[in-house]
Amino acid sequence: MKTQILGMDQTPPNILIVDDMPANLQLLTELLKQSGYRVQPVSSGEQAILAAQTEQPDMILLDINMPGMNGYEVCKQLKSDAALNAIPVLFISALGETLDKIKAFAVGGVDYIMKPFHFAEVKARVQTHLTLHRLQCEREQQNRLLQDNYDQLKILEDLRDNLTHMIVHDMRSPLMAIILSLELYTRQTSRKLTEAAIKPIETATMAAHRLIAMVNSLLDICRMESGNMPLHPEACDLTGLASEVIQSLQHLKPDCRLELTQPGPAMVPCDRELIRRVITNIGANAVKYVPDNGRVQFNIQNTDAGVTVQIIDNGPGIPREYHTRIFEKFGQVAVHQQLKMYSTGLGLTFCKLAVEAHGGTIGLESEVGKGSTFWFTLPRT
């Protein structure tokens, strides 16, 4: 009974049979045709090369002992051709020595069938390797499609980032104009306006300053991601830097306790202003989300790896599944028990990139209801 076997293009697979013995060639041709395959029989290695180049087969059954070009030489030549080297080659030979089989695999064969052969074995091996070859071709096609999609996505992302960078860069000038105009208006009219009238102007000014800070963060992130952010390292005492940051943050929530663990100087080479912004961003987030009369502890530790800064709070905590995502650009984490958003925006993305630009590492340890510990480590060299 004839079995219809279809290839990737819905046509029967094409098998090239190479054997200088007419009886073997005829027998294999008839048996494979009965199984639904298309067959190209040739009787020499030279004919095999020409046939494969003319109409590429899905598989080659190749005898080893042939006059002129033997099977090993045919296989070597096929494997040296980029258009043909993926075709599976099954050797058929009366040579049964282990070295013969090793040589067959060494030149690129995928299997070895002994003569006299049993057709059930030949059929099983042929079908198995055709299936493997089809799956491999499908996987390569999928990989090419994925690569094409990735390349297109990368182009779109680059266009988006360039457009974002251009828009954000152009936003800075009008924002500065708004801030200067509001501040000038406040100075000129403060004696004429009531406190209730001045307050909205102050709120607008503060909002404009926040927008400027966001613009600067986004521009810095773009520069860091592209490797164009210059660093200006100098010897820096992180303990002293953290103390300065604490003083600047206290006004955000006067009732919050900001504490610094004092281990003495903790010196590392770093860009002082960038690392100040890292500590400020993390500390400001902690202060913002701790409860009234909450506590934020700044812990500085000298370690073998360098200096580690821990910022520990007794806030609502962050679910474990968000511990990595929180450092992504525009990441937002829902604090479920509080039913509000822990909005990290660009701040923690900036922190991650700034720390990594110094060769350091950054992370988070947190559990819902038990507060959070943000930490980063900077190397001493």
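I take two strands as paired if DSSP finds at least two bridges between them. I worked from a predicted model.

**Entry 1: strand E10**

I looked up E10 with its bridge partners. On one side of the record of pairings stands strand E14 (residues 372-378), which pairs with E10 in the antiparallel sense over seven bridges. I followed Val307 and found that its bridge partner in E14 is Leu378.

I then turned to strand E9 (residues 295-303), which also pairs with E10 in the antiparallel sense, over eight bridges. A hairpin of two residues joins E9 to E10. For a register point I noted Asn299, which stands opposite Gln310 in E10.

I next asked how many residues of strand E10 (residues 306-313) are buried. I counted as buried any residue under 20% relative accessible area. Seven of the eight residues of E10 meet this criterion, so the strand is largely enclosed by the rest of the structure.

**Entry 2: helices H6 and H9**

I examined the packing of helix H6 (residues 195-225) with helix H9 (residues 347-357). Their axes come within 10 Å and cross at roughly 35°. I recorded the crossing of H6 and H9 as left-handed.

I listed the residues that meet in this contact. H6 contributes Asp220, Ile221, Met224 and Glu225, while H9 contributes Thr349, Phe350, Leu353 and Ala354. I sorted the residues of the contact of H6 with H9 by class and obtained five nonpolar, one polar and two charged.

Key. Residues are numbered from 1 along each chain as its sequence is written. This is a predicted model: local features need pLDDT of at least 70, side-chain atom pairs count only at pLDDT 80 or more; totals for chains, interfaces and linings use all residues. Side-chain values use heavy atoms; hydrogens and water are left out. Axes are lines fitted to C-alpha atoms, for helices over the stretch in contact, and angles run from 0 to 180 degrees between N-to-C directions. Helices (H or I, at least four residues) and strands (E, at least two) are DSSP runs, numbered from the N terminus. A crossing is left-handed if the near helix is turned anticlockwise from the far one by less than a right angle, and right-handed if clockwise. Contact means heavy atoms within 4.5 Å. Ala, Val, Leu, Ile, Met, Phe, Trp, Tyr, Cys and Pro count as nonpolar, Asp, Glu, Lys and Arg as charged, and the others, Gly among them, as polar. Buried means under 20% relative accessible area, exposed over 50%, partly exposed in between (1.4 Å probe, protein chains only).
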